[in-house]
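The following exercises concern a single protein chain. Each sets a task and then works through its solution step by step.

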Amino acid sequence: MIDIQSQNFSVTEAMRTHTEEKLEPMIHNYGDRIINVHVHLSDENGPKGGEAQHCLIHVELQKMPTVVVEDSEENLYAAIDNCCHRAERAVRKAMEKRQTLSRKPAEI
């Protein structure tokens, strides 16, 4: 269900474990509505440093638009943390919006 890919470096087991742990609450709460989660990690500047550690998450939902969030930080783990938090919040809001729309009475 969770696919983690990287560009310009290899994904370590620590990165994989950290990402999966951060996504676990979202998977636990909304796993029945999630088809796939794709995580793309990259280092834009390479050894130059700077705010170049990038995390992009696509959450494919059943019968709903895909949620896409991203974040860039100096530290890759901070980028992963922020992005996972944003993804969970965006999925929650999408679910709430869908419930609100389905409960509205038909206008005549």
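**Exercise 1. A salt bridge of Asp 81**

With which residue does Asp 81 form a salt bridge, and how far apart are the closest N and O atoms?

Solution. The model is a predicted one, in which local features need pLDDT of at least 70, side-chain atom pairs count only at pLDDT 80 or more, and totals for chains, interfaces and linings use all residues. Residues are numbered from 1 along each chain as its sequence is written, and side-chain values use heavy atoms, with hydrogens and water left out.

Step 1. Apply the criterion: a salt bridge is a side-chain nitrogen of Lys or Arg within 4 Å of a carboxyl oxygen of Asp or Glu.

Step 2. The partner of Asp 81 is Lys 22, with 4.0 Å between the closest N and O atoms. Asp 81 belongs to helix H2 and Lys 22 to helix H1, so this salt bridge ties together parts that are 59 residues apart in sequence.

Step 3. Classify both residues by relative accessible area (buried under 20%, exposed over 50%, partly exposed in between; 1.4 Å probe, protein chains only). Asp 81 is partly exposed at 28%, and Lys 22 is partly exposed at 36%.

**Exercise 2. The remaining salt bridges**

State how many salt bridges the whole structure contains, and describe those not yet treated.

Solution. Step 1. The search of the whole structure yields 3 salt bridges.

Step 2. One of them joins the side chains of Arg 86 and Asp 71, at 3.1 Å from N to O. This pair links distant parts of the chain, with Arg 86 in helix H2 and Asp 71 in strand S4, 15 residues apart. Arg 86 is partly exposed, with a relative accessible area of 33%, whereas Asp 71 is buried at 7%.

Step 3. Another joins Glu 96 and Arg 92, at 3.9 Å from N to O. Both residues lie in helix H2, 4 residues apart, about one turn of the helix. Glu 96 is partly exposed at 42% relative accessibility, and Arg 92 is partly exposed at 32%.

**Exercise 3. The overall fold**

Determine how many helices and strands the chain has, and what pattern they follow along the sequence.

Solution. Step 1. Helices (H or I, at least four residues) and strands (E, at least two) are taken as DSSP runs, numbered from the N terminus. The count is 2 helices and 4 strands.

Step 2. Along the sequence the pattern reads β-α-β-β-β-α.

Step 3. Strand S3 (residues 53–61) pairs with strand S4 (residues 67–73) in the antiparallel sense over 7 bridges; pairing requires that DSSP finds at least two bridges. The two strands form a hairpin with 5 residues between them. Within that loop, Lys 63 has a positive phi of about 55 degrees although it is not a glycine, and it counts as exposed at 75% relative accessibility.

**Exercise 4. The surroundings of Gln 53 and Asp 71**

Is Gln 53 buried or exposed, and which polar contacts do the side chains of Gln 53 and Asp 71 make?

Solution. Step 1. Gln 53 is buried, at 14% relative accessible area. Gln 53 is part of strand S3 and stands opposite Glu 73 in S4.

Step 2. A polar contact is a pair of N or O atoms within 3.5 Å; within protein, one must be able to donate a hydrogen and the other to accept it, and residues adjacent in sequence count only if both atoms are side-chain atoms. The side chain of Gln 53 makes such a contact of 3.2 Å with that of Asp 43.

Step 3. The side chain of Asp 71 makes polar contacts of 3.1 Å with Asn 82 and of 3.1 Å with Arg 86.

**Exercise 5. The nonpolar core**

Which residues have the most contacts inside the largest nonpolar core, and which element supplies its largest share?

Solution. Step 1. A nonpolar core is a set of buried Ala, Val, Leu, Ile, Met, Phe, Trp, Tyr and Cys residues joined through side-chain atoms within 4.5 Å. The largest has 26 residues, and Met 26, Val 37, Ile 57, Val 59 and Leu 61 have the most contacts inside it.

Step 2. H1, S2, S3, S4 and H2 each supply at least two residues of this core. The largest share, 9 residues, comes from H2.
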